Amino acid sequence: MEFEHVRAEDQSVADALAGEVDRQEGTLSLIASENYVSRAVMEAQGSLLTNKYAEGYPDRRYYAGCEYVDEIEQLAIDRAKELWGADHVNVQPHSGTQANMAVYLATLSPGDRILSLELSHGGHLSHGHPVNFTGQLFDVEHYHVDPETGYLDYQELKEKAESFEPDIIVSGFSAYPREVEWETIQEVADSVGSYHLADIAHITGLVATGVHSSPVGVADFVTGSTHKTIRAGRGGIVMTDDEHAEAIDKAVFPGGQGGPLAHNIAGKAVGFGEALTPEFDEYIQQTVDNARTLGETLAEHGLSLVSGGTDNHMVLVDLRDSHPDLSGGTAEDSLAAANVILNANTVPGETRSAFDPSGLRIGTPGITTRGFDEGAVEELADHIYRLIDNHDSEDVIYEVGERIDELCAEYPLYD
């Protein structure tokens, strides 16, 4: 990646791009929401489709010259339908949050009620946090995970739904290591006459391959990101049935967006095609196996895991028992100094500030893309614990950093 054309026009941007290439190649990303796309996806997303306006939908555009955009978007739609078994798919949302916005626009009016998982318990900003448009436009109530078990408290969800009478219940998460009981939540939604939006942003790949149960055909609406575990580039997606198809399409365009990003949709089409291969099934299974191994190894070192383990691609470490004086932010900084990149995260029953919480969220999609298996993950988990336990030791940070450099070379990002 030489960026020769950028360098000829803008040396400063080219230098920053080259620096980012070195950073990604020379660090191990354990951020649960990050992954690495293939060169094919990058080539599609960086294509001259960025030049093309294509407001509307295939065969219903407001501009001429969209015949190839139509072809590509239809490929993305058809492949998404095959991956997730959805009746109707809209691939135009620019992100998972904008996919959620489309569902709200299609179903709610300002002041209507949302019941969702609280952010500090693993929810997402776009599920109704006060700083987000959802919290500003709608009346929001939250359900939680049981702080003792770390599992979703479905009984509390049911009781809150009965008393709050939401217009829509949002399921899904940004930081929850267990499988979600979609049918249980749908039963609650049906009992109170509510819509059900299942946000699978983190687990699109797990759902597509059947490693995680699917809310498609259960919930009224399913949204997701296309760049976490599905590796199809940055963007969002909405899936629903034929009954709600027209309302969703109108909510995406013209309700919440103008022209779609045709180059991103091309990346989605390529990535969805890759996800339909047997190799992708193997990748997802390895991602989950690696997360389980990571959690088990960290637990053997004495670290507490929220819910005691994981069913998906992430583990949540609660530092309060093993390292009560250590914040997640300080641990994150020490790990980053050794080129291990992850993020501090709130944990159920959080006692610290959300800006410097008590936990760490650790994901395996990125390192699995690089080729890590359980053996490599065990070693990495040992290094992670050593860095946490010696977070203020420059010697340990240096020694571990040297080994991380070797692991990055052994498992290159792009051959």
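P254 sits in helix 10, which covers residues 242-256, and the peptide bond leading into P254 from F253 is cis, with omega near 10°. Keep in mind that this is a predicted model. A search of the whole structure turns up 16 salt bridges, and a few of those are picked out below, along with some backbone oddities, a helix pair and a surface patch.

**Backbone spots to look at**

- The bond to find in helix 10 is the one from F253 to P254: it is cis, and its omega is near 10°.
- E165 has a phi near 55°, which is a positive value in a residue other than glycine.
- You'll find E165 in the loop that runs between helix 7 (154-164) and strand 7 (168-172).
- E165 counts as exposed because its relative accessible area is 54%, and the cut-off for exposed is over 50%.
- R231 also belongs on this list, with a positive phi near 60° in a residue other than glycine.
- The loop holding R231 connects strand 9 (221-225) and strand 10 (236-240).
- Is R231 buried or exposed? R231 has a relative accessibility of 17%, so it counts as buried, the limit for that being under 20%.

**How helix 4 meets helix 11**

- The axes of helix 4 and helix 11 (residues 262-275) come within 8 Å, and they cross at roughly 40°.
- That crossing angle is why helix 4 is called oblique to helix 11.
- As for handedness, helix 4 passes helix 11 in a left-handed crossing.

**A tyrosine patch on the surface**

- Y53, Y62 and Y63 make up a nonpolar surface patch of about 400 Å².
- Y62, one of the patch residues, is in the loop between strand 3 (60-61) and helix 4 (67-84).
- With a relative accessibility of 62%, Y62 counts as exposed.

**A salt bridge inside helix 7**

- E156 pairs with K160 in a salt bridge, and the closest N and O atoms are 3.5 Å apart.
- Both partners, E156 and K160, belong to helix 7 and are 4 residues apart, about one turn of the helix.
- Which side of the burial cut-off are these two on? E156 is buried at 17% relative accessibility, and K160 is buried at 19%, since buried means under 20%.

**Salt bridges around helices 15 and 16**

- E399 forms a salt bridge with R386, where the closest N and O atoms are 2.6 Å apart.
- E399 is in helix 16 (residues 394-410) and R386 is in helix 15 (residues 374-389), so this pair ties together parts that are 13 residues apart in sequence.
- On accessibility, E399 is partly exposed with a relative accessible area of 41%, and R386 is partly exposed too, at 33%.
- R403 and E406 form another salt bridge, with 2.9 Å between the closest N and O atoms.
- How far apart are R403 and E406 in helix 16? They are separated by about one helical turn, because they are 3 residues apart in that helix.
- E406 has a relative accessibility of 43%, so it counts as partly exposed.
- R403 and E406 are also part of a wider group: a network of salt bridges links E379, R403, E406 and E410.

Key. Residues numbered from 1 in each chain as written. Predicted model: local features only at pLDDT ≥ 70, side-chain atom pairs only at ≥ 80, totals over all residues. Heavy atoms only, no water. Patch = residues over 30% accessible without salt bridge, like charges linked within 9 Å, V, L, I, M, F, W, Y side chains within 5 Å. Areas by Shrake-Rupley, 256 points an atom, 1.4 Å probe, with all protein chains shown as cover. Salt bridge = Lys/Arg side-chain N within 4 Å of Asp/Glu carboxyl O. Helix = DSSP H or I, 4+ residues; strand = E, 2+ residues; numbered from the N terminus. Buried < 20%, exposed > 50% of the residue type's maximum accessible area, 1.4 Å probe, protein only. Axes fitted to C-alpha atoms, helices over the stretch in contact; angles between N-to-C directions. Parallel < 35°, antiparallel > 145°, perpendicular 65-115°, else oblique. Left-handed = near helix turned anticlockwise from the far one by under 90°.
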